[in-house]
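Here's a walk through one protein chain, from one end of a helix to the spaces inside the fold. Have the viewer open as you read.

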Amino acid sequence: MKEQNRAVSVFHFIMLLMACFLLCSVVVYAEAAQDSCAEAEAAFERLKKHKIRSGHRDVWLALAERFDRIYDRQKKPEAMFRAAEMLEELSRRSGLVADRIAAENKYLAFANRHRRHPRADQALYRASTLMKGHNMPGSLKLHRRLTLSYPKSPYALQSSKIDKTKKRKETRKIFIDPGHGGRDKGTQHFNITESRCALDIALKLGERLRAAGFTVVFSRRSDKGIGLRERSTKAELARADLFVSVHINANPRESVQGFETYVCSGAHSESVRIAKRENASLGAVRFVTSKKHLPEYRKASLQAAESVHRSVMRRLKAYGVRNGGIKNGPFYVLRRARVPSFLIEAGYCTNREDARRLANSAYRAAVAEGIASGITEYFRSKS
């Protein structure tokens, strides 16, 4: 009898727990259902003013999901548009292509589902603007769709102006030179081989520049050997608008680390040491350090280098990379370049931390994205 009473008590206790759980779920759902766009927008305004919280990625994602829930439960198109805006704001702060793509996809979903909504044209315009940094053909396609679907929209008028300027930007030609190759492996430490690592960054950079509307020419696209003179000759024949050389650094001191950008100039002790290694196949250091051989494009080279270096360091901030700055170096390929030129050293493979980053494909992609974005900003400032 006692065992029966005990079993009944346990059953009642379980049923009570289930009832409490269901009640809590109903309360939570009711509170969520009462959540409005106005309240979520107020949270957005508070977040923008908060210097610390606004720098956290998960906070922006949570706010975007909040607007998505409002849209799912209340079917308010405005909430979906606002979710896209939260993702766009995140992409501005992170500088990541993946975040930009997430925002443009949300804007496109809004434009496709709510074609007659007053903000459908704005959604298309924002999606195309986000896309132009990494997918120029797709951006132009959206611009054309915008002008055809909403010909009287102010965004369509702005779009037609952008279409005209893109034709000039698409003619820009970038020459990318991955250092070393073939039997010349470059520096090798901690399982990092310079020739292969530089090639991977260069190929990733080429993809991003093509997506942004540039014409790209490589000194090499595979692990094959090519001399310094041949690289310079190829660049000259290509008639490029910018020369970019990609390398991996090394130093006898293992503690030295960081990302560095070089432009051509006279000799400096540390720069000469690095240039000796990069120029080794020619034995040309004394020849290239003479001041009379400095490039006539020094000013433009420095401007391009500054734009690229800033852009790369923004993207590498999350990796804790040391900022090695912009330096002068007597590099043969830069001295011979007949266009604005610079050389990047993506990290020191002689440093354990830098080598670990260089082995990470995501890090190499971030370097490529930063260079591509910096090049785009440089030519935009020239137009």
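## A tour of the model

Lys-382 lies in helix 16. With a relative accessibility of 41%, Lys-382 counts as partly exposed. Its C-alpha atom sits 10.0 Å from that of Ala-300, though the two residues are 82 apart along the chain.

Before going further, a word on what you're looking at: this is a predicted model. Mean pLDDT for the protein chain is 81, and 78% of the residues reach 70 or more. Over residues 23-34, though, the pLDDT is below 50, and this stretch has 5 contacts in the model beyond near neighbours in sequence. Residues 165-170 also stay under 50, and for them the model has 13 contacts beyond four places in sequence.

**The overall build**

The secondary structure adds up to 16 helices and 8 strands. Of the 383 residues in the chain, 51% are buried. Take the contacts between residues at least 6 apart in sequence, and 74% of them join residues at least 24 apart.

**The big pocket**

Helix 16, where we started, comes back here: it gives the most to the lining of the largest pocket, with 10 residues. The space in that pocket is about 1,100 Å³. Its lining counts 43 residues, and the closest to the centre are Ser-91, Gly-95, Leu-96, Arg-100 and Arg-315. Several elements give two or more residues to the lining, among them helix 3 (57-74), helix 4, helix 5 (97-113), helix 9 (194-211) and helix 13 (298-316). How does the lining split by class? It has 16 nonpolar, 11 polar and 16 charged residues.

**Two buried charged residues**

Helix 4 and helix 5 each hold a residue to click on. Arg-82 is found in helix 4 (residues 77-94), and Asp-99 in helix 5. Are they buried or exposed? Arg-82 has a relative accessible area of 11%, so it counts as buried. Asp-99 is buried too, at 6%.

Now for their company, leaving out residues up to four places away in sequence. Arg-82 touches Glu-41, Phe-44 and Phe-67. Asp-99 touches Arg-57, Leu-87, Leu-90, Ser-91 and Ser-94. Ser-91 is a name you've already met, as one of the residues closest to the centre of the largest pocket.

**A cavity as well**

There is also 1 cavity of 30 Å³ or more in the structure, and its volume is about 30 Å³. The residues that line it are Ala-235, Glu-236, Ala-337, Arg-338 and Val-339. By class, that makes 3 nonpolar, no polar and 2 charged.

**Cysteines without a bond**

How many disulfides does a search of the whole structure find? It finds 0. For Cys-197 the reason is distance: its sulfur is 8.4 Å from the closest cysteine sulfur, in Cys-349, so the two are too far apart for a bond. Cys-197 is buried, with 7% relative accessibility. Another cysteine, Cys-264, is buried as well, with a relative accessible area of 4%.

**Loops worth a look**

Which residues have a positive phi although they are not glycines? Asn-191 is one, with a phi of about 65 degrees, and Arg-239 is another, with about 55 degrees. Here they are, one row each.

| Residue | Phi | Loop | Relative accessible area |
|---|---|---|---|
| Asn-191 | about 65 degrees | between strand 2 (188-189) and strand 3 (192-193) | 84%, exposed |
| Arg-239 | about 55 degrees | between helix 10 and strand 5 (242-249) | 73%, exposed |

Helix 10 has a loop on its other side too. Gly-225 lies in the loop between strand 4 (215-218) and helix 10 (228-238). Leaving aside its neighbours within four places in sequence, Gly-225 is in contact with Gly-181 and Gly-182. Asp-184 is 41 residues away from Gly-225 in sequence, yet their C-alpha atoms are 6.6 Å apart in space.

**Back to the start**

To close the loop, return to helix 16: Lys-382 lies in it, and helix 16 gives 10 residues to the lining of the largest pocket. While you're there, turn to helix 5, which holds the buried Asp-99 and also gives two or more residues to that lining.

Note on methods. Residues are numbered from 1 along each chain as its sequence is written. This is a predicted model: local features need pLDDT of at least 70, side-chain atom pairs count only at pLDDT 80 or more; totals for chains, interfaces and linings use all residues. Side-chain values use heavy atoms; hydrogens and water are left out. Helices (H or I, at least four residues) and strands (E, at least two) are DSSP runs, numbered from the N terminus. Buried means under 20% relative accessible area, exposed over 50%, partly exposed in between (1.4 Å probe, protein chains only). Contact means heavy atoms within 4.5 Å. A disulfide is a pair of cysteine sulfur atoms within 2.5 Å. On a 1 Å grid over the protein atoms alone, a cavity is a set of points where a 1.4 Å probe fits but cannot get out, and a pocket is an open set with protein on both sides within 12 Å along at least five of seven lines; lining residues have an atom within 4 Å of a point. Grid points are joined across faces, edges and corners, and a volume is the space filled by probe spheres set on the points. Ala, Val, Leu, Ile, Met, Phe, Trp, Tyr, Cys and Pro count as nonpolar, Asp, Glu, Lys and Arg as charged, and the others, Gly among them, as polar. pLDDT is the predictor's confidence in each residue, from 0 to 100.
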